[in-house]
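Me: I'm new to this one and could use a guide. Please pick the helix packing for a close look, and then walk me outward from there.

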Amino acid sequence: MKKIIALVGSRAGAKSHTKELCEKLIHELGQGLKEELSAEIITADRWHINGCLSCGCCFKEGLCAQDKKDDMAAIKEKLLSADIILLASPVFAANISGDMKTLIDRLSLWLHIMPLIGKIGIPVCTASSNHANRVIDYLKEMLEYMGASAPVSAAAYVDFGDVLMGDENNLKSYLKEKAGIVQQQIKSGLSFTEKQERVFGLQNAKFKKQLQFLELYPSFQHTFGEAVQWNRLGYDKYDSIHEIASQTFITKSGRDQYSIW
Ligand SMILES: Cc1cc2nc3c(=O)[nH]c(=O)nc-3n(C[C@H](O)[C@H](O)[C@H](O)COP(=O)(O)O)c2cc1C
């Protein structure tokens with residue numbers, strides 16, 4: 001069983017174009033997979049996420065005090081237990097939607113500790129006529145910082161330009177091609193960018209040192225909260241992102257067993 005979670009930064013709910021694009025992509029992903037697929041799509045009208053308070057506690061303590069007060073803890077659990085993650089946003093004023101930005105701001109700690117290693121992330125966007133590329137590039141960058149492999153993206157214009165929404169045949173073949181690449185990665189193994197490998201190496205060296213320090217002075221755990229989370233993820237036992245991916249790679253569904261938040 002492969003699990004997909006799609007977080008859609010649109011409040012249009014059932015009428016959301018971006019949700020529709022996610023549904024169609026998930027359909028194509030399911031076509032070529034031998035295993036069963038379970039998928040959950042959540043649009044922004046169904047989540048309640050408070051804005052970041054800029055307290056910096058996530059970076060220092062490894063935890064966000066707000067997580068228990070809104071839907072963030074539940075969303076983090078869903079992301080950690082998924083095999084494939086769709087981060088999807090409409091273009092609003094030439095950028096991602098405010099709801100998607102609020103969600104990503106609250107995941108800022110994850111940009112430092114890469115908890116999504118071993119998962120596939122897919123940026124998805126719809127727009128009327130422009131700036132879908134900017135949104136896709138940004139969502140891809142965020143997914144990769146969080147450790148996911150992002151081999152494909154899906155974007156569709158609604159009104160002008162290369163209009164795919166509403167053109168069923170073209171949209172189907174476009175999404176089928178994307179799904180094929182994902183299915184191939186699931187079979188052959190995930191790939192990572194040079195930047196991901198470099199960032200992993202730097203963070204691993206830093207956090208391992210901090211963990212040694214914490215063995216001597218445990219009271220500093222609230223200062224080195226990121227290193228504590230690195231340790232809880234089990235990353236300090238490894239020397240490369242590839243080793244972790246081979247242990248927790250989605251084909252092994254190794255991550256479902258533990259929950260760190
Ligand atoms: C507030 C707002 C701002 C928008 N800004 C842009 C824009 O800058 N460029 C663009 O191409 N489309 C823009 N659109 C159009 C949406 O991106 C497009 O209709 C999208 O498919 C909506 O997705 P949804 O149905 O999932 O909400 C905007 C729509 C809204 C409501």
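Reply: **How the helices pack**

Helices H8 and H9 sit roughly perpendicular to each other. Keep in mind that this is a predicted model. H8 covers residues 194–216 and H9 covers residues 225–233, and the two pack at an angle of about 100 degrees. Since 65 to 115 degrees counts as roughly perpendicular, that angle earns the label. Their axes are 9 Å apart. On the H8 side, the contact is made by Phe207, Gln210, Leu211 and Leu214, while H9 brings Glu226, Ala227, Trp230 and Asn231. Sort those contact residues by character and you get five nonpolar, two polar and one charged.

Now for another pair, H1 and H7. H7 spans residues 168–188, and its axis comes within 8 Å of the H1 axis, with a crossing at roughly 50 degrees. That makes the two helices oblique to one another. The crossing is right-handed. H1 puts Lys24, Leu25, Glu28, Leu29, Gln31 and Gly32 into the contact, and H7 answers with Leu171, Leu175, Lys176, Lys178, Ala179, Gly180, Val182 and Gln183. Here the split is six nonpolar, four polar and four charged.

H1 also takes us to the ligand. In total, 17 residues surround the ligand, and the closest are Ser10, Ser16, Thr18, Pro90 and Ser128. Two elements give two or more residues to this shell: helix H1, which runs over 17–32, and strand E4, which runs over 120–127. The shell residues come out as eight nonpolar and nine polar, with no charged ones.

From E4 we can step into the sheet. It is an open sheet of five strands in the order E2-E1-E3-E4-E5, and the pairing is parallel. E2 (37–43) and E5 (154–157) are the edge strands, each pairing on one side only. On average, and ignoring direction, neighbouring strands in this sheet are turned by 15 degrees against each other. Zoom in on E4 and E5 and you'll find them paired in the parallel sense over four bridges. If you'd like a spot to look for, Val124 has Ala154 of E5 as its bridge partner.

So, to retrace the route: H8 and H9 are roughly perpendicular, H1 is oblique to H7, and H1 and E4 each give two or more residues to the shell around the ligand.

Methods: Residues numbered from 1 in each chain as written. Predicted model: local features only at pLDDT ≥ 70, side-chain atom pairs only at ≥ 80, totals over all residues. Near = placed C-beta within 6 Å. Nonpolar A, V, L, I, M, F, W, Y, C, P; charged D, E, K, R; others polar. Axes fitted to C-alpha atoms, helices over the stretch in contact; angles between N-to-C directions. Parallel < 35°, antiparallel > 145°, perpendicular 65-115°, else oblique. Left-handed = near helix turned anticlockwise from the far one by under 90°. Contact = placed C-beta atoms within 7 Å. Pairing = 2+ DSSP bridges.
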